[in-house]
Amino acid sequence: MNQPKPINIVQIVPEVLPTHRADVAVLFGKYLPRHAIRCALLGLGDPAAPASMPGFASVRRVAAGGSRLLRDARFALASLRTAVGVPRAECDLIQVRDMVSIGLLVMLVARLRGIPFVYWMSFLMCEGRVQRARAQLAAGGGLRSRLILAKGLVEQVLLYRVVLRGASHVCVQSDAMKDYVAARAIPAARISAVPMGVDTELLDQQQGAARRLPADQGVPLIAYLGTLDHMRRLDLVIDALALVRQRHPAARLLLVGGSPDQADTDKLLAHAAALGLADAVHITGWMPGEQAWQLLRGADAAISYIPRGVMYDYSSPTKLLEYLALGIPSVGNDSPDQLHVLGRSEAGWLSGNTAPELAGVGVLAGVAIAGGWWMLRMWHTFG
């Protein structure tokens, strides 16, 4: 049998490598190589440390230390050198994710060299930057916030009027994001929705592996997995816990994850303390996926709250998929992607976006009925 000719991709990502991000490490490092699609990866990190990312044709890292300006300049130069220097016979396409300025540089080089260029949008980065900057200015932000706002507005114009229109193809995170991008004069035929996913093989290895922290033994436990960035509005989840405890006084909330800004987690803990929940909310910080999944399996219910609005309505959250793949009773508010997943699977509860709705419709039901009815529904749906 003739073996298919390998497809060689050069992918440039903004992450520190190695990364556990599913659409990098799992999709391009594990599953696509099985279909003769090989990926050479460029990202940030310590060039002297072991890469520890099997499955990739190569992994290169640019030093992430120093000032933000210096780091960005180094990375832009390394990206440009990669686009210019990669042998044409070893590159079927170049892909850049979530970096407008670097995307523009690489696109221009790729077009000059006759190499297809793909831009991958995992998030509405420009809109997010603009929204954050305006919120900071409204709160009294100064020159830095104005510069961030200007950068967001300029890159927004470059992205939709130059980079995406000049790309051979655009990958986005959801059908909603595809419609959003297509509405900005990008041909729909050149846009593909590639939702976030989970490594089902790795999750299957976690069957039966569950544990609880000592403080969570013998009490109703609600868990959340993911970033604790303040834009995620997880204070509403803590507000919902306060309402749940009116019916289940011993209920606790386990937040598995962290934030790049320590102030975000400090504010969440302060909010919990102000509601008298200092002993009922625990933040683990970032941890390896296997350890996080064990803690999730030990919970009675898991919650996926996604704030509504332009920043997140077009996203494809991973956490809900992980909850369902682990077989955990799951609650999600009605963001478009979660509405689709829970509506089609009937494998969890949908709620509105307020704390009373989360507590009354979703979390309270998950804590109260965890186990029997839900597992019966899962068997009926997937069995």
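Residues are classed here by relative accessible area, with buried meaning under 20%, exposed over 50% and partly exposed in between (1.4 Å probe, protein chains only). The model is predicted, so local features need pLDDT of at least 70 and side-chain atom pairs count only at pLDDT 80 or more, while totals for chains, interfaces and linings use all residues. Numbering runs from 1 along each chain as its sequence is written, and side-chain values use heavy atoms, leaving out hydrogens and water.

A good place to start is Gly-360, which sits in helix α13 (residues 355–369); helices are DSSP runs of H or I with at least four residues, strands are E runs with at least two, and both are numbered from the N terminus. Gly-360 counts as partly exposed because its relative accessibility is 46%. Its C-alpha atom lies 8.5 Å from that of Ala-240, although 120 residues separate the two along the chain.

Ile-306 offers another view. This residue belongs to the loop between β11 (301–304) and α11 (319–326), and it is buried because its relative accessible area is 0%. Leaving aside residues up to four places away in sequence, Ile-306 is in contact (heavy atoms within 4.5 Å) with residues including Arg-232, Tyr-312, Lys-319 and Asn-353. Pro-336, 30 residues away in sequence, has its C-alpha 9.7 Å from that of Ile-306.
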